[in-house]
Amino acid sequence: MFPARAQIEGEHIDTGTNHAVPSIQDTETAAQRDVRMHWWREARFGMFIHWGLYSIPAGTWNGQPVPGIGEWIMNRASIPVANYKALASQFQPTAFSAHDIVALAKSAGMKYIVITSKHHDGFAMFDSEADPFNIVAATPFHRDPIRELAEECRKQDLKLGFYYSQDQDWTAPGGAALKTGNHDLPTHHWDPKQDGDFANYLHTKAIPQLNELLTNYGEFPAVIWFDTPTDDMTPELAGGLVTLLNQHPNLIWNNRLGGGYKGDTETPEQYIPAKGYPGRDWEACMTMNDTWGYKSYDTNFKSTETLLRNLIDIASKGGNYLLNVGPDSKGNVPQAEIDRLHEVGRWLAVNGAAIYGTHPTLFGDEAGSFSTSEKNDDGKPKFIPAWNWRSTTASDKIYVEIFKWPGNRFHLEKVPRTVIGAYLLADKAKKPLRIAKDATGIDIALPDKPLDPIATVLVLDTR
């Protein structure tokens, strides 16, 4: 079923760490955690939005394409602070529509949105009294898109969360900076204006802005999504942020704060772990093309088939799928991303019961196996995924999402429940499928062709 939890209602969850400032994860009971995480576990699918000043250069600086992901252009091109800040005067995203973006997420079957309120470039996409380098004070736009998204999420019944780069801030004195996207490399600055004391930055900008985000938008954020902690974030400094987070007991936050805090969710980036994270809530964040922030020339978009099968694979392992869009400098979501989200939404409108609120597979081998000869870069056996089918479960159902149609029968071995009926989820009539049982398992009779070319869902009623 769902990741292993304490079975005694009053039992505290062992986080494995003694913090000077205990977090809510350190002190809540398993039952309290289940209540706090309930909506998130039911959701399974969310929209990530990477949007900021980096959408103006859109991957090009001084007439030259800059390698790497779009939102890292300041770092990758070593753009001086003053030059980068000057981009704010050009930021006029008049095409931005909070209604349209929330409606897009909803049409895709997504249940929540997480937007970059401040990325590593230090530019706040919200009205901030703590620092004037923000979309309201520093641009001709003079609007707070975070507030507009919050209003629309209320109207359209989606949850809203905020990404916040708590550690790296390339335009604030003292903000730590990673040399490249490789988090193992040492910190560095490329402009004297970045020099300063990290603790001072944290207390004069990061913590005050986080407080603004936590208090100025009503019931939101439902999620705070931290990113790229460095060694500068000591347990003591992280404790200052945790003190603030603890004032919001329903908040969910991830494992990227730093300082030894595990948060609520594991966050594999751009990959799906072979077996998920048994015992932990987790969320795979992934792009549709090769970048998070908008790059005008990145047209390497994944197919709808890949996106859907990623979603199914993740759900089968008990995780959530946080799928990114990167609006341009006018606020437009690229059409290729819109098209794919609509296609995913059409599948979920028919087959959503196999995703939302489901638990991991009762089988496991269908996802693939570890190679006996090939190794990963770390020397461990390489996982070789299989793409024939996946499975998710509910209390009285087993869902089998079939990718490769097996012909007119589907065989399952070692079914851990008693199967009392079968039908195809996309079949409005729910016509019963014949079930044959023998010593090797069960066979379910199928039509000659799938009902959906990407994934047809077989439902097994169980007891």
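I looked up the contacts of Lys-397 in this predicted model. Not counting residues up to four places away in sequence, Lys-397 touches Arg-417, Tyr-423, Val-459, Leu-460, Asp-461 and Thr-462. I placed Lys-397 in strand β14, which covers residues 397–402. I then asked whether Lys-397 is buried or exposed. Its relative accessible area is 18%, so I entered Lys-397 as buried, the cut-off being under 20%. I also checked one backbone distance: the C-alpha atoms of Lys-397 and Val-419 are separated by 8.6 Å, and these two residues are 22 apart along the chain.

Next I turned to Asn-320. I found Asn-320 in strand β10, residues 320–325. Asn-320 has a relative accessible area of 0% and is therefore buried. Which side chain makes a polar contact with the side chain of Asn-320? I found that of Arg-44, at 2.9 Å. Arg-44 also appears in the contact list of Asn-320. Leaving aside neighbours within four places in sequence, that list holds Trp-40, Arg-44, Tyr-112, Trp-282, Glu-283, Ala-284 and Ile-314.

Last I went through helix α8, residues 235–245. I noted Leu-237, Ala-238, Gly-239, Leu-241, Val-242, Leu-244 and Leu-245 as buried there. I wanted to know what the buried residues of α8 pack against. I found one helix, α7 (198–215), and two strands, β6 (223–226) and β7 (252–253). For the spacing along a helix I wrote down the general rule: an α-helix has 3.6 residues a turn, so residues three or four places apart point the same way.

Note on methods. Residues numbered from 1 in each chain as written. Predicted model: local features only at pLDDT ≥ 70, side-chain atom pairs only at ≥ 80, totals over all residues. Heavy atoms only, no water. Helix = DSSP H or I, 4+ residues; strand = E, 2+ residues; numbered from the N terminus. Buried < 20%, exposed > 50% of the residue type's maximum accessible area, 1.4 Å probe, protein only. Contact = heavy atoms within 4.5 Å. Polar contact = N/O pair within 3.5 Å; in protein donor to acceptor, adjacent residues only side chain to side chain.
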